[in-house]
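Dear colleague,

I am handing over the structure below, together with some notes on what turned up when I went through it. Please read the notes with the structure open beside you.

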Amino acid sequence: MAHARLGQWLSLLVCLLILLKAESHPVGITLVENAVAKGAVCLDGSAPAYHFDKGFGAGINNWLVHVEGGGWCNSVETCLDRKNTHYGSSNKMEKSMSFSGVLSNKQKFNPDFYNWNRIKVRYCDGASFTGDVEAVNPATNLHFRGARVFRAIIDDLLAKGMKSAQSALLSGCSAGGLTSILNCDNFRSLLPVGTKVKCLADAGYFINAKTVSGSQHIQAFYSEVVALHGSAKNLPASCTSKLSPGLCFFPQNVVPVTRTPIFLVNAAYDSWQIKNILAPGIADPKGAWKKCKLDIKNCSPSQLQTMQEYRLQFLGALSPASNSISHGLFIDSCYAHCQIGTQETWLAADSPVLSKTPIGKAVGDWYHDRTPFQKIDCAYPCNPTCKNRVFDSNEQQD
């Protein structure tokens, strides 16, 4: 009996591995060595990097540039912590990455973008590719050059064929999703006039909300990021001409003045935002929110009520985006963060849906002008298709 059960488990494991292999594929790393001479470098001074899977067939002149996420650093200390990781040094990056979801090369899993040139940009500056400080303190050797890195990578891709792009999509997840918002019009300006250009932000719509203790933690944090990295001159002037630079790190103040169409994929109960904007450790010294943040099913009625109120704030901050018919929205009521880079949430038989439409189809229909898509889910726990995140206690990050 035990042997039979073991055999069944092994068969199941083999099937899962085959499925995972079919849904994702490894893509090697490319270092932009010539960027170093321009000072376009990661936090530690190493060359920028990306992973490039070439397009084929009808997609050979179409380009999807997807920016990796990974938070931000708001002080010399936190940037030093990043410097010796893959979030601050290309020397620490994996030599290959698996592509799936929006980056998949399989028509079944990614029908609208599978044969495009698909690029994953590695995130190594700590400020969503907005910083540019000339001076480098020899004591820390920290380079705040994210804006130069972004430009160097785009220039490298233009030289490799993107200058002839017929269609292009700048996307990203989390801090990379914020990058796609902050750099959306900039990206458009770097491509030929005739190119069809749009942007896609996954879990990048971070809102300016107070914590459970009433403090303005995220606003102060973003202001520190912008000041440290010298980001002000690289944020959209259409925003900084009216608001302080720190406030122009918030999508709610940038999307209304962005001319290029943007599609926003976001959970209304974004797990990163609940953990780090609403209830960060600094605002919850007794850890009352710890179990709730790990698994939404652990939340008390009062915590759920606070999260429902946060959702309403999120939807209020989102309203400027919904006022433009050129923008797209897929706002589900899941406890999740980043949904386009994973096959099960991008396009699969059991993916999260709004109006019976998975994210991959909604984005494809919007990009190709087949159907506009602006859908906002009903409140938690109304959507049974959600893939709600459950965190291990060791993953907990404040």
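To begin with a question that you can check by eye, are W72 and F206 buried or exposed? Both W72 and F206 are buried. Please keep in mind throughout that this is a predicted model.

These two residues are a good way into the aromatic side chains, for which a search of the whole structure finds 24 pairs. The rings of W72 and F206 make an edge-to-face pair, because their centres are 5.0 Å apart and their planes stand at 80 degrees. This pair links distant parts of the chain, since W72 is in the loop between β3 (62-67) and α2 (76-83), while F206 is in the loop between β7 and α6, 134 residues apart. Ring pairs also join W72 and F206 with F221, Y222, F249, F250 and W272 into a cluster.

W72 appears again in the largest nonpolar core, which has 77 residues and in which W72, M162, F187 and M307 are those with the most contacts inside it. M162, leaving aside residues up to four places away in sequence, touches W63, V65, I154, L157, F187, L191 and P192. There is also a second, separate core of 22 residues, which includes F99, V102, W116 and L354. As background, nonpolar side chains in soluble globular proteins tend to be buried together.

The loop that holds F206 is also where G204 is found, between β7 (196-202) and α6 (217-229). G204 has a relative accessible area of 0% and is therefore buried. G204 and G177 are 27 residues apart in sequence, yet their C-alpha atoms are 4.1 Å apart in space. Apart from residues up to four places away in sequence, G204 touches S174, G177, L178, I181, P251 and N266.

Further along the chain, helix α13 (residues 359-367) deserves a careful look, because eight of its nine residues are buried, so that the helix is largely enclosed by the rest of the structure. The buried residues of α13 are I359, G360, A362, V363, G364, D365, W366 and Y367, and they pack against β6 (167-173), β7, β8 (262-267), β9 (328-332), α12 and β11 (357-358). Within this helix, what kind of aromatic pair do W366 and Y367 form? The pair of W366 and Y367 is edge-to-face, with 6.4 Å from centre to centre and 70 degrees between the planes. Y367 also has two lysines over its face, with K196 at 5.0 Å from the ring centre and K198 at 5.5 Å from the ring centre. Just after α13, D369 takes a positive phi of about 60 degrees.

A buried serine lies on the way to this helix: S351 is found in the loop between α12 (343-346) and β10 (353-354), and its relative accessibility is 3%. The side chain of S351 reaches the backbone oxygen of E344 at 2.8 Å. Beyond residues up to four places away in sequence, S351 touches Q343, E344, T345, W346, P358 and T385.

Turning to the charged side chains, the count comes to 14 salt bridges. One of them joins R122 and E94, whose closest N and O atoms are 2.8 Å apart; R122 sits in the loop between β5 (117-121) and α3 (146-159) and E94 in the loop between α2 and β4 (96-99), 28 residues apart. R122 is buried at 0% relative accessibility, whereas E94 is partly exposed at 35%.

In another, the side chains of D112 and R370 meet at 2.9 Å, N to O. Because D112 lies in the loop between β4 and β5 and R370 in the loop between α13 and β12 (374-376), this pair ties together parts that are 258 residues apart in sequence. D112 counts as buried at 15% relative accessibility, and R370 as partly exposed at 45%.

A further salt bridge connects R259 with D185, the closest N and O atoms being 3.8 Å apart. R259 is in the loop between α8 (251-254) and β8 and D185 is in helix α5 (residues 184-190), so the pair ties together parts that are 74 residues apart in sequence. R259 is exposed at 69% relative accessibility, while D185 is buried at 18%. Finally, salt bridges that share partners join D112, K361, D365 and R370 into one network.

With best wishes

Notes: Residues are numbered from 1 along each chain as its sequence is written. Side-chain values use heavy atoms; hydrogens and water are left out. A nonpolar core is a set of buried Ala, Val, Leu, Ile, Met, Phe, Trp, Tyr and Cys residues joined through side-chain atoms within 4.5 Å. Buried means under 20% relative accessible area, exposed over 50%, partly exposed in between (1.4 Å probe, protein chains only). Contact means heavy atoms within 4.5 Å. Helices (H or I, at least four residues) and strands (E, at least two) are DSSP runs, numbered from the N terminus. A polar contact is a pair of N or O atoms within 3.5 Å; within protein, one must be able to donate a hydrogen and the other to accept it, and residues adjacent in sequence count only if both atoms are side-chain atoms. Rings of Phe, Tyr and Trp (its six-membered ring) pair if their centres lie within 6.5 Å; planes under 30 degrees apart count as stacked, over 60 as edge-to-face and the rest as tilted. A charge sits over a ring if NZ of Lys or CZ of Arg is within 6 Å of the ring centre and within 35 degrees of the ring normal. A salt bridge is a side-chain nitrogen of Lys or Arg within 4 Å of a carboxyl oxygen of Asp or Glu.
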